[in-house]
Amino acid sequence: MTEFWLISAPGEKTCQQTWDKLMAATTRTNNLSTNHKFSIPDLKVGTLDVLVGLSDELAKLDSFVESVVKKVAQYMADVLEDSRDKVQENLLANGVDLVTYITRFQWDMAKYPIKQSLKNISEIISKQVTQIDNDLKARASAYNNLKGNLQNLERKNAGSLLTRSLADIVKKEDFVLDSEYLITMLVVVPKTNYPDWQKTYETLAEMVVPRSSNLLFEDSDSGLFSVTLFRKAIDDFKHKARENKFTVRDFQYNEEEMKADKEEMTRLSTDKKKQFGPLVRWLKVNFSEAFIAWIHIKALRVFVESVLRYGLPVNFQAMLLQPSKKTMKKLREVLNDLYKHLDSSAAAIIDSAMDIPGLNLSQQEYYPYVYYKIDCNLLDFKV
């Protein structure tokens with residue numbers, strides 16, 4: 001389980017007592033969750049009005065930053081296309097895995113100075129993550145264009161003989177070139193029709209050069225044959241070939257064009273390789289930055305919400321719980337029992353919701369204690 005519940009409860013006589021009570025209720029006897037203290041520094045409280053406004057702003061910022069974290073993670077998976085098992089080891093925060101970072105969270109004083117107001121800190125985070133989001137869009141667009149162009153060229157050089165590029169199949173000596181009267185054409189013939197082709201190609205039009213057909217290439221279904229004829233018979237030959245289920249490919253032998261195509265493919269392939277390393281490094285660094293920013297927002301939200309709910313002076317214990325899937329329901333009930341005295345209206349909502357099957361309160365999760373979920377499962381697929 002990579003889901004955490006970040007909660008806070010008011011300090012009893014001391015915050016340590018609050019912690020001990022939680023441990024006794026959730027871990028010592030029934031092993032419902034793995035718990036960690038979540039340390040939040042002494043932030044500037046500001047006025048009540050500012051806190052109320054900030055509570056809404058932080059909720060929006062939380063959603064935005066989470067979406068950017070997920071976008072960077074998902075794009076990392078897209079870029080590492082062939083080695084998706086490597087994605088998780090690249091998704092680190094401050095050089096450690098996400099669970100370690102969250103469970104040992106320390107506020108970054110250098111990035112987010114606590115002498116600043118809460119509003120300023122949230123604005124620093126907002127600017128930083130908006131910049132990451134904009135950079136990601138630009139980098140992803142450039143890399144995707146390159147990848148798309150390369151895939152189109154690769155597709156042209158693969159696939160069936162009816163559609164693929166023939167430039168890497170044919171050679172100069174396969175063609176009659178620079179003749180005023182004669183032209184070499186290329187025809188795709190299904191393997192089952194080879195005998196028909198050999199029997200009929202010379203008579204498909206009046207001016208076909210006898211015994212001029214050669215098999216140049218085969219794939220699993222068809223063969224590519226060359227045939228030489230007089231230019232004035234082209235239309236007639238195409239028409240008759242079509243009637244006999246032979247497909248004439250429009251192809252002009254042009255060495256310059258073929259060389260340009262090959263060079264373009266090499267250039268795109270080299271460019272993609274060149275951009276790959278720096279792009280993965282950028283994604284690693286900025287995933288870490290965005291994820292760290294996201295957990296700092298969670299810390300800000302817990303602080304603001306705890307002050308609004310439990311009042312001043314600031315006295316609460318923030319705690320990080322890691323439940324297992326099986327224990328979630330039971331853990332909710334235990335927490336409700338432990339903290340229902342903090343807010344009787346919340347407890348009543350929860351009690352009634354438990355009686356109505358299928359009622360989903362998760363959109364408006366409200367509990368007698370401060371609660372935020374942190375879900376570290378950031379990818380749409382299982383690695």
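Gln88 has a relative accessibility of 40%, so it counts as partly exposed, since that value falls between the 20% limit for buried and the 50% limit for exposed. Keep in mind that this is a predicted model. Gln88 is in helix H3, residues 87-90. Its C-alpha atom is 8.9 Å from that of Ala73, and the two residues are 15 apart along the chain.

Two other residues belong with this part of the talk, on account of their backbone angles. Asn94 sits in the loop between H3 and H4. Its phi is near 55°, which is positive, and Asn94 is not a glycine. With 54% relative accessibility, Asn94 counts as exposed. Lys245 is also not a glycine, and its phi is positive at about 65°. You will find Lys245 in the loop between helix H7 (234-243) and strand S6 (247-249). Its relative accessible area is 62%, so Lys245 is exposed.

One more backbone point concerns a proline. The peptide bond from Leu312 to Pro313 is cis, and omega there is near -5°. Pro313 belongs to the loop between H8 and S7.

Now the sheet. Four strands form an open sheet in the order S2-S7-S1-S8, and the pairing is antiparallel. At the edges are strand S2 (33-37) and strand S8 (370-375), each pairing on one side only. On average, neighbouring strands in this sheet are turned by 25° against each other, ignoring direction. Strand S1, residues 3-10, pairs with S8 over six bridges, in the antiparallel sense. Within that region, Ser8 stands opposite Val370 in S8.

Two helices go with the sheet. Helix H1, residues 15-28, packs on it and touches S1, S2 and strand S7 (316-323). The direction of H1 makes about 170° with that of S2. Helix H9, residues 328-339, lies across S1, S2, S7 and S8 and runs at about 5° to S1.

Next, the interior. In soluble globular proteins, nonpolar side chains tend to be buried together. Here, the largest nonpolar core has 83 residues, and Ile7, Ile125 and Phe291 have the most contacts inside it. Helix H8, residues 255-310, supplies the largest share of this core, 19 residues. If we leave aside neighbours within four places in sequence, what does Phe291 contact? The list is Val69, Ala93, Leu98, Tyr101, Ile102, Cys376 and Leu378. Another core lies apart from the largest one and has 19 residues, including Met185, Trp197, Val208 and Ile234.

Last, the aromatic rings. The structure holds 17 aromatic pairs. In one of them, the ring centres of Phe38 and Phe105 are 4.7 Å apart with the planes at 5°, so that pair is stacked. Phe38 is in the loop between S2 and helix H2 (48-79), while Phe105 is in the loop between helix H4 (98-103) and helix H5 (118-156). The pair therefore links distant parts of the chain, 67 residues apart. Phe38 and Phe105 are both buried. They also belong to one aromatic cluster with Tyr101, Phe287, Phe291 and Trp294.

Tyr367 and Tyr371 make an edge-to-face pair, at 5.2 Å centre to centre and 85° between the planes. Both of these tyrosines, Tyr367 and Tyr371, are buried. Which rings does Arg332 lie over? The charged end of Arg332 sits over the ring of Trp5, 3.8 Å from its centre. Arg332 also lies over the face of Tyr367, at 4.0 Å from the ring centre.

Notes: Residues are numbered from 1 along each chain as its sequence is written. This is a predicted model: local features need pLDDT of at least 70, side-chain atom pairs count only at pLDDT 80 or more; totals for chains, interfaces and linings use all residues. Side-chain values use heavy atoms; hydrogens and water are left out. Two strands pair if DSSP finds at least two bridges between them. Axes are lines fitted to C-alpha atoms, for helices over the stretch in contact, and angles run from 0 to 180 degrees between N-to-C directions. Contact means heavy atoms within 4.5 Å. A nonpolar core is a set of buried Ala, Val, Leu, Ile, Met, Phe, Trp, Tyr and Cys residues joined through side-chain atoms within 4.5 Å. Buried means under 20% relative accessible area, exposed over 50%, partly exposed in between (1.4 Å probe, protein chains only). Rings of Phe, Tyr and Trp (its six-membered ring) pair if their centres lie within 6.5 Å; planes under 30 degrees apart count as stacked, over 60 as edge-to-face and the rest as tilted. A charge sits over a ring if NZ of Lys or CZ of Arg is within 6 Å of the ring centre and within 35 degrees of the ring normal.
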